[in-house]
Amino acid sequence: MAISRKLCELSRNGGTLKRKWVPLPTQPHKLSSCFCSSSSSSSSSSSTISSIPEAQSQDHGNESSRSRLSKWLLFLPGAFTFGLGTWQILRRQDKIKMLEYRQNRLKMEPLMLNNVSPSNGKLDSLEFRRIRCKGVFDEKRSVYVGPRSRSISGVTENGYYVITPLLPIPNNTESMQSPILVNRGWVPRSWKEKSLEDLQSSELPSSTATPSVKDSESSSWWRIWSKKPKNIEVNAPAVIPSEVVGVVRGSEKPSIFVPANDPSSCQWFYVDVPALAHAAGLPENTVYIEDINENINPSNPYPIPKDANTLIRSSVMPQDHLNYTFTWYSLSAAVTFMAYKRLRPKKSRR
């Protein structure tokens, strides 16, 4: 009966059976794992996506800071050369003051050196001050410093500075108390060679004349027949005092191209006052003077004293500093203009 009823219902409904969908039971732990995995994958993808613009922004910031620094570095040479030009202006002002100080000192009346000695500490205050001293030159201990060139009538000739010790005169109140070194001036090479030959020849007769006098005194016939002893007169060299007007100076500062002095072979390339004094047998604190006396004997023109204007002059004069200033400022302007042209944005052509 039940089967027949079911068949009748099927025939009424068109002969088809309707199936109902029944959901399968799901496990809760599998759902949670699937949700976590999906959420983590989505978060990682979102984090990678968000990190990409951040890295790009950092790279862009670094590039912008580097470009800004490189732009400032282009102006660095211009600023440096501008500072050098300003420094030359300051150096020019200092050089003008120094030359005026020297010129004013040389215009003062000369002082006597008889009351000044190396031990009383007054030499520093006498720099570029004319002084007057009287003594006797010791020609045998002269030293030649050079070679030094000098232009005579448009012709350049090599020579030397002759430096001679000036010794005090005994029992003379006008003489100085201690010996000094005097730079007597410039002499040509031929004058130096002739002076050395004269000194060597002047020493020979004195050594040969001494034994002849002794032989005459020791002869027996001279003692017997001579009633009155005769005094033998020896011709001593005449002491000729010299008066020097000069300026107290110090040692020279040689450049790297000047060779070192060699006192053992008597080769002097620059003035080193302590070494020259030691070579002449004088104390190392001996006063050194450069002669500027303008009263030259026409019959004996050498040595030629230094001109006072050469003492005032410097290796770099104020006009040279002005030229250096113009050069540095011009270079600064050129470099700055090049940097400006390099950083100026280019106009796009339509």
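The exercises below, each with a worked solution, concern a predicted model of one protein chain.

**Exercise 1. Overall make-up**

Task: State how many helices and strands the protein chain has, and what share of its residues count as buried.

Solution.
- Step 1. The secondary structure consists of 8 helices and 7 strands.
- Step 2. The protein chain has 350 residues, and 25% of them count as buried.
- Step 3. The exposed surface comes to about 25900 Å², with 57% supplied by carbon and sulfur atoms.
- Step 4. Among contacts with a separation of 6 or more, 66% join residues 24 or more positions apart.

**Exercise 2. Two helices and their spans**

Task: Check whether the spans of α3 and α8 agree with the value expected at 1.5 Å a residue.

Solution.
- Step 1. Helix α3 covers residues 76-106, which is 31 residues. The expected span is 1.5 Å times one less than the number of residues, so α3 should span 45 Å.
- Step 2. The end C-alpha atoms of α3 are 45 Å apart, which agrees.
- Step 3. Helix α8 covers residues 318-343, which is 26 residues, and should span 38 Å.
- Step 4. The end C-alpha atoms of α8 are 38 Å apart, and this agrees as well.

**Exercise 3. The buried side of α3 and its link to α8**

Task: List the buried residues of α3, name elements that cover them, and find a contact that involves α8.

Solution.
- Step 1. The buried residues of α3 are Gly-78, Thr-81, Gly-85, Gln-88, Lys-95, Leu-99, Arg-102, Arg-105 and Leu-106.
- Step 2. A general point helps in reading such a list: an α-helix has 3.6 residues a turn, so residues three or four places apart point the same way.
- Step 3. The cover over the buried residues of α3 includes β2 (130-137), β6, α7 (308-312) and α8.
- Step 4. In α8, the residues Pro-318, His-321, Thr-325, Ser-332 and Ala-339 are buried.
- Step 5. Val-335 is also found in α8. Beyond its neighbours within four places in sequence, Val-335 is in contact with Pro-77 and Gly-78.
- Step 6. Val-335 and Ala-79 are 256 residues apart along the chain, yet their C-alpha atoms are separated by 9.1 Å.

**Exercise 4. Two residues of β4**

Task: Describe the exposure and the contacts of Leu-167 and Asn-158.

Solution.
- Step 1. Leu-167 is found in strand β4, and Asn-158 lies in strand β4.
- Step 2. Leu-167 has a relative accessible area of 25%. Buried means under 20% and exposed over 50%, so Leu-167 is partly exposed.
- Step 3. At 42% relative accessibility, Asn-158 likewise counts as partly exposed.
- Step 4. Not counting residues up to four places away in sequence, Leu-167 touches Gly-135, Val-136, Asp-138, Arg-141, Met-176 and Pro-179.
- Step 5. With neighbours within four places left aside, Asn-158 is in contact with Arg-148, Ser-149, Trp-186, Pro-188 and Arg-189.
- Step 6. The C-alpha atoms of Leu-167 and Gln-177 are separated by 8.8 Å, at 10 residues apart along the chain. Asn-158 and Gly-146 are 12 residues apart in sequence and 8.6 Å apart, C-alpha to C-alpha.

**Exercise 5. Backbone exceptions**

Task: Locate a cis peptide bond and two residues other than glycine with a positive phi.

Solution.
- Step 1. The background is that most residues other than glycine have a negative phi, and most peptide bonds are trans.
- Step 2. The peptide bond from Gly-146 to Pro-147 is cis, with omega near 10°. Pro-147 is in strand β3 (residues 143-152).
- Step 3. Asn-171 has a positive phi, near 60°. Asn-171 belongs to the loop between β4 (155-167) and β5 (180-188), and at 85% relative accessible area Asn-171 is exposed.
- Step 4. Cys-266 has a positive phi, near 60°. Its place is in the loop between β6 (242-248) and α6 (273-279).

**Exercise 6. Cysteines and rings**

Task: Decide whether Cys-133 and Cys-266 are buried or exposed, count the disulfides, and find charges that sit over rings.

Solution.
- Step 1. Cys-133 has a relative accessible area of 2%, so Cys-133 is buried.
- Step 2. Cys-266, at 61%, counts as exposed.
- Step 3. The structure holds 0 disulfides.
- Step 4. The whole structure has 2 aromatic pairs.
- Step 5. The charged end of Arg-184 sits over the ring of Phe-137, 4.7 Å from its centre. The charged end of Lys-192 sits over the ring of Tyr-160, 4.1 Å from its centre.

Notes
Residues are numbered from 1 along each chain as its sequence is written. This is a predicted model: local features need pLDDT of at least 70, side-chain atom pairs count only at pLDDT 80 or more; totals for chains, interfaces and linings use all residues. Side-chain values use heavy atoms; hydrogens and water are left out. A disulfide is a pair of cysteine sulfur atoms within 2.5 Å. Buried means under 20% relative accessible area, exposed over 50%, partly exposed in between (1.4 Å probe, protein chains only). Helices (H or I, at least four residues) and strands (E, at least two) are DSSP runs, numbered from the N terminus. Contact means heavy atoms within 4.5 Å. Accessible areas come from the Shrake-Rupley method with a 1.4 Å probe; for residues, only the protein chains shown count as cover. Rings of Phe, Tyr and Trp (its six-membered ring) pair if their centres lie within 6.5 Å; planes under 30 degrees apart count as stacked, over 60 as edge-to-face and the rest as tilted. A charge sits over a ring if NZ of Lys or CZ of Arg is within 6 Å of the ring centre and within 35 degrees of the ring normal.
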